[in-house]
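Grab a pencil and work through a few short exercises with me. Each one sets a task and then solves it step by step.

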Amino acid sequence: MMTASCKSLGEVLSYWEKVQPEKSFLFAPEISAALTYGQLAKEARHFATWLEQENISEKGHVGLFMQNGRQTSTVFLATMACGRVITPLNLLAPTDQLAWVLDHSDIEVLFYSPDKKQGLFLALEKTKRKFKVIELDPDAAEGSFMQCAPGILPSVESTQPALLMYTSGTTGTPKGVLLTHANLLHAARSMAAWHSLTQSDVVLSSLPIYHINGQVISTITPFVSGGSVVAPHAFSVSNWWSLAIQYRCTWINMVPTIIAYLINAAKSGGALPSREDLKSIRFGRSASAPLPPEHHREFEALFGITVIEGMGMTESASMVFCNPHDESRRYGSPGQPCGVEAKVIDPDGNILGNNTVGEICLRGGNVLNAYYKAETETAKAFDSEGWLKTGDLGMRDDDGFYFITGRLKELI
């Protein structure tokens, strides 16, 4: 990979600015606009000056409460390129949970889109901390920070934090997952290698940037591999295929719900694109929830597109398991370890053999080092050898494919 020697996302940006400044990184279909690598680098340098003028500390946290869009992706990547920590916030979070995260995350400035103002301000009334709150149109051609003189992207170590993402909170209070530049680069490189992604690839993804899949798989992976992403505000069954065809996408990033909608639309009389129109699409990817085997087979039969099922976690920068691209892939399995080591253990920590259910544990360059401001939770999550105990129950078959059977514990 051409960016293999880069140790931070800022170095990746500087590299692509030199190599392919006119190449489109992001397509924003709602405004028929594209963001090139060169323009992204230019805006990042103006953003660096703005951060200094606003007295955002050198490793400060920047909040993001915005739907997908040109400026959303700009702030997301530019923040990390400037050595700060981006903290995307869940647009669907309940008010009390959002207020808790706003307090816990230590953000110094928060960017929000105008249509999200009401829900955000309800949460802000319940926060204990004070920080800058700035409205920003996701579709704006340029951010207000472009009025600042261009600065210099700082030198950032690979071990420096880049992304603070909060878990969904299914086991209680959300936990802050703090991922470094090294974590994100390892995940992106593993993903690109697994799917043979290059500069010529274009992904269609409507997954929100406040989800680890939308962050790492849809945004950071194309960025690191020098490709492009088509990022509509949200999923729409009526324009999904037209966008894929218009932008000549080479892969599509989905979740099982999207697959179900596309199947239902095709079966209920909706327009079914021809195989010829979809010939540029090499594969589809499904993750974030188990894909029912019957939907998996039906989608492939309807559209002629191979679906590669995978599995990710916030704690592992979205990379855990993935199926191969050949005929050995397994329906109903998230696949084999991708970018990580994996094992299955019993309650005493002993490694279990194949086809025996236990807790799945992970270790690898994309796995977090610690939860943010949560020493007790971190100590519980890792063993003495650095293995993350995921809480997922599952097993490995004789061919090295993993299967998820449940959760070790859930808060009901």
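## Exercises with worked solutions

We begin with Ser 318, which counts as buried at 5% relative accessibility; buried means under 20% relative accessible area, exposed over 50%, and partly exposed in between, with a 1.4 Å probe and protein chains only. A note before going on: the model is predicted, so local features need pLDDT of at least 70 and side-chain atom pairs count only at pLDDT 80 or more, while totals for chains, interfaces and linings use all residues. Residues are numbered from 1 along each chain as its sequence is written, and side-chain values use heavy atoms, with hydrogens and water left out.

**Exercise 1. Describe the phi and the surroundings of Ser 318 and Asn 55.**

Step 1: Most residues other than glycine have a negative phi. Ser 318 isn't a glycine, yet its phi is positive, about 80°. Asn 55 is another non-glycine with a positive phi, near 60°.

Step 2: Find their places. Ser 318 is in the loop between strand 13 (307-311) and strand 14 (321-322), and Asn 55 is in the loop between helix 2 (37-53) and strand 3 (61-65). Here helices (H or I, at least four residues) and strands (E, at least two) are DSSP runs, numbered from the N terminus.

Step 3: Check exposure. Ser 318 is buried at 5%, whereas Asn 55 is exposed at 66%.

**Exercise 2. Work out how Phe 25 and Phe 223 pair, and which parts of the chain the pair links.**

Step 1: Look up the rule. Rings of Phe, Tyr and Trp (its six-membered ring) pair if their centres lie within 6.5 Å; planes under 30 degrees apart count as stacked, over 60 as edge-to-face and the rest as tilted. The whole structure has 19 such pairs.

Step 2: Apply it. The rings of Phe 25 and Phe 223 are 5.8 Å apart, centre to centre, with 75° between the planes, so the pair is edge-to-face.

Step 3: Trace the chain. Phe 25 belongs to strand 1 (residues 24-28) and Phe 223 to helix 7 (residues 212-225), 198 residues apart. Phe 25 is buried at 0%, and Phe 223 is buried at 1%.

Step 4: Widen the view. Both rings belong to one aromatic cluster with Tyr 15, Trp 16 and Tyr 37.

**Exercise 3. Place Phe 223 in the largest nonpolar core.**

Step 1: A nonpolar core is a set of buried Ala, Val, Leu, Ile, Met, Phe, Trp, Tyr and Cys residues joined through side-chain atoms within 4.5 Å.

Step 2: The largest core has 83 residues, and Phe 223 is among those that touch the most other members, along with Met 80, Phe 111, Leu 184 and Ile 220. Helix 2 gives the most to this core, eight residues.

Step 3: List some contacts (heavy atoms within 4.5 Å). Leaving out residues up to four places away in sequence, Phe 223 touches residues including Leu 9, Val 12, Leu 40 and Leu 77.

**Exercise 4. Which strands stand at the edges of the sheet with the order 16-17-18-19?**

Step 1: This open sheet has four strands with antiparallel pairing; two strands pair if DSSP finds at least two bridges between them.

Step 2: Strand 16 (341-345) and strand 19 (402-407) each have a single partner strand, so they are the edges, and one side of each lacks a neighbour in the sheet.

Step 3: Zoom in on one pairing. Strand 16 is joined to strand 17 (residues 358-363) by five bridges, and Lys 343 stands opposite Cys 361 in strand 17.
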